[in-house]
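The exercises below ask for a reading of one protein chain. Each task is followed by a worked solution.

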Amino acid sequence: MTAFAPDSIVLNRKLPLWYQVSQSLRASILGRPADAPLRLPTEEQLAGHYGVSVLTMRQALKELEDEGLISRHRRRGTFIEPSAHRGAPVRLLGSVDAIVAQQSGMSTELLTHGTAPVPQQLAEHFPGQSEVATFHRLRRDEKTGEPTNHALNHVRSEVAARLDVAALERWPMTKLLRDLDGVQISRITDTVEARLADPETARLLQVPLLSPILHYTGISYDDDGKVLDVAVIAYRGDRFSFTVTLDAH
């Protein structure tokens, strides 16, 4: 039986390895094609794939099992739950793979894409540039079809020219940027604030005008400190919460 093939990651030794592995595998599971195999490789094979110990791999798998994304059966192996889909809470826990995982597993519709003048409020992030590439997407709950958030990405033009636009209906922008040759995301700065739904947001998310939403801004930087992407996302206030965990060491 063919086993599911997860993505690879470069581990950050400053963060718990089990956590990074669980988040990377979570993103692979939630973003998997419909015809992907449900059987996972063995613990030993997964540990080799990620370059971690079997004990670390077991801890990562337990996290996914507790979340209901996988089930483990003695002698039969470990399997992805066919109904596995993204839950409502959004956690920002300190790694790019965590953000990819949280953004994966939703039905995504690319509403528009093209170029536009740099918005005045974002001019400081794109010095010397008059235009940026823009990508506007609407995400829905895969089970109910209910709109959950809409995202507008502003991407540096020379970077956007190398993106596979069609892949945005399957993968979050963070993953596509991370996987580009010659592009390295060094950090992402996140800001979350409460706002009231404007007419366009209310229409897209199918909520009453002036109902509460969570307004998220995520700024991705490369190794040279240049901004790669500014993501502005409006989350339905009745469907999401944010948890931030800070490592004290």
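**Exercise 1. Find the buried residues of helix H2 (residues 43-50) and state how they are placed around the helix axis.**

Solution. The model is a predicted one.
Step 1: a residue counts as buried under 20% relative accessible area. In H2 this holds for Glu43, Leu46, Ala47 and Tyr50.
Step 2: these residues span an arc of only 100 degrees around the axis, so they lie on the same side of H2.
Step 3: the general rule behind this is that an α-helix has 3.6 residues a turn, so residues three or four places apart point the same way.
Step 4: the cover over the buried residues of H2 includes H1, helix H3 (54-67) and strand S1 (70-73).
Step 5: just after H2 comes Gly51, with a positive phi of about 75 degrees.

**Exercise 2. Which residue forms a salt bridge with Glu43, and how far apart are the closest N and O atoms?**

Solution. Step 1: side chains of opposite charge can pair when their charged atoms come close.
Step 2: the partner of Glu43 is Arg58, and their closest N and O atoms are 2.8 Å apart.
Step 3: the pair links distant parts of the chain, with Arg58 in helix H3 and Glu43 in helix H2, 15 residues apart.
Step 4: Glu43 has 15% relative accessibility and therefore counts as buried. Arg58, with a relative accessible area of 42%, is partly exposed.

**Exercise 3. Describe the salt bridge between Arg236 and Glu146, then the one between Arg156 and Glu158.**

Solution. Step 1: the side chains of Arg236 and Glu146 meet at 3.4 Å, N to O.
Step 2: this pair links distant parts of the chain, 90 residues apart: Arg236 is in strand S9 (residues 227-236), and Glu146 is in the loop between strand S5 (131-140) and strand S6 (147-155).
Step 3: Arg236 counts as buried because its relative accessibility is 8%. Glu146 is partly exposed, with a relative accessible area of 28%.
Step 4: between Arg156 and Glu158 the N to O distance is 2.8 Å. Arg156 is buried, at 8% relative accessibility, and Glu158 is partly exposed, at 46% relative accessible area.
Step 5: elsewhere, Asp7, Lys175, Arg178 and Asp179 are joined into one network by salt bridges that share partners.
Step 6: the count of salt bridges, taken with a cut-off of 4 Å between nitrogen and carboxyl oxygen, comes to twelve.

**Exercise 4. Where is Gln20 placed, and is Gln20 buried or exposed?**

Solution. Step 1: Gln20 is in helix H1 (residues 17-30).
Step 2: the relative accessibility of Gln20 is 3%, so Gln20 counts as buried.
Step 3: leaving out residues up to four places away in sequence, Gln20 touches Ile9, Val10, Leu11, Asn12 and Leu15.

**Exercise 5. Examine the positive phi values of Arg75 and Gln206, and place both residues in the chain.**

Solution. Step 1: most residues other than glycine have a negative phi.
Step 2: Arg75 is not a glycine, yet has a positive phi of about 75 degrees. Arg75 sits in the loop between S1 and strand S2 (77-80), and is exposed with a relative accessible area of 79%.
Step 3: Gln206, also a residue other than glycine, has a positive phi near 55 degrees. Its place is the loop between H7 and S8, where Gln206 is exposed, at 55% relative accessible area.

**Exercise 6. Which residues form a nonpolar patch on the surface with Leu209?**

Solution. Step 1: Leu209 lies in the loop between helix H7 (199-205) and strand S8 (212-222).
Step 2: the relative accessibility of Leu209 is 52%; Leu209 therefore counts as exposed.
Step 3: the other members of the patch are Leu196 and Leu210, and the patch has about 320 Å² of accessible area together.

**Exercise 7. Summarise the protein chain as a whole.**

Solution. Step 1: the secondary structure consists of seven helices and ten strands.
Step 2: of the 249 residues, 49% are buried.
Step 3: the accessible surface is about 12,700 Å², and 51% of this surface belongs to carbon and sulfur atoms.
Step 4: of the contacts between residues at least 6 apart in sequence, 62% join residues at least 24 apart.

Methods. Residues are numbered from 1 along each chain as its sequence is written. This is a predicted model: local features need pLDDT of at least 70, side-chain atom pairs count only at pLDDT 80 or more; totals for chains, interfaces and linings use all residues. Side-chain values use heavy atoms; hydrogens and water are left out. Patches are made of residues with over 30% relative accessible area and no salt bridge: like charges are joined within 9 Å, nonpolar side chains (Val, Leu, Ile, Met, Phe, Trp, Tyr) within 5 Å. Accessible areas come from the Shrake-Rupley method with a 1.4 Å probe; for residues, only the protein chains shown count as cover. Helices (H or I, at least four residues) and strands (E, at least two) are DSSP runs, numbered from the N terminus. Buried means under 20% relative accessible area, exposed over 50%, partly exposed in between (1.4 Å probe, protein chains only). Contact means heavy atoms within 4.5 Å. The arc is that of the directions from the helix axis to the C-beta atoms.
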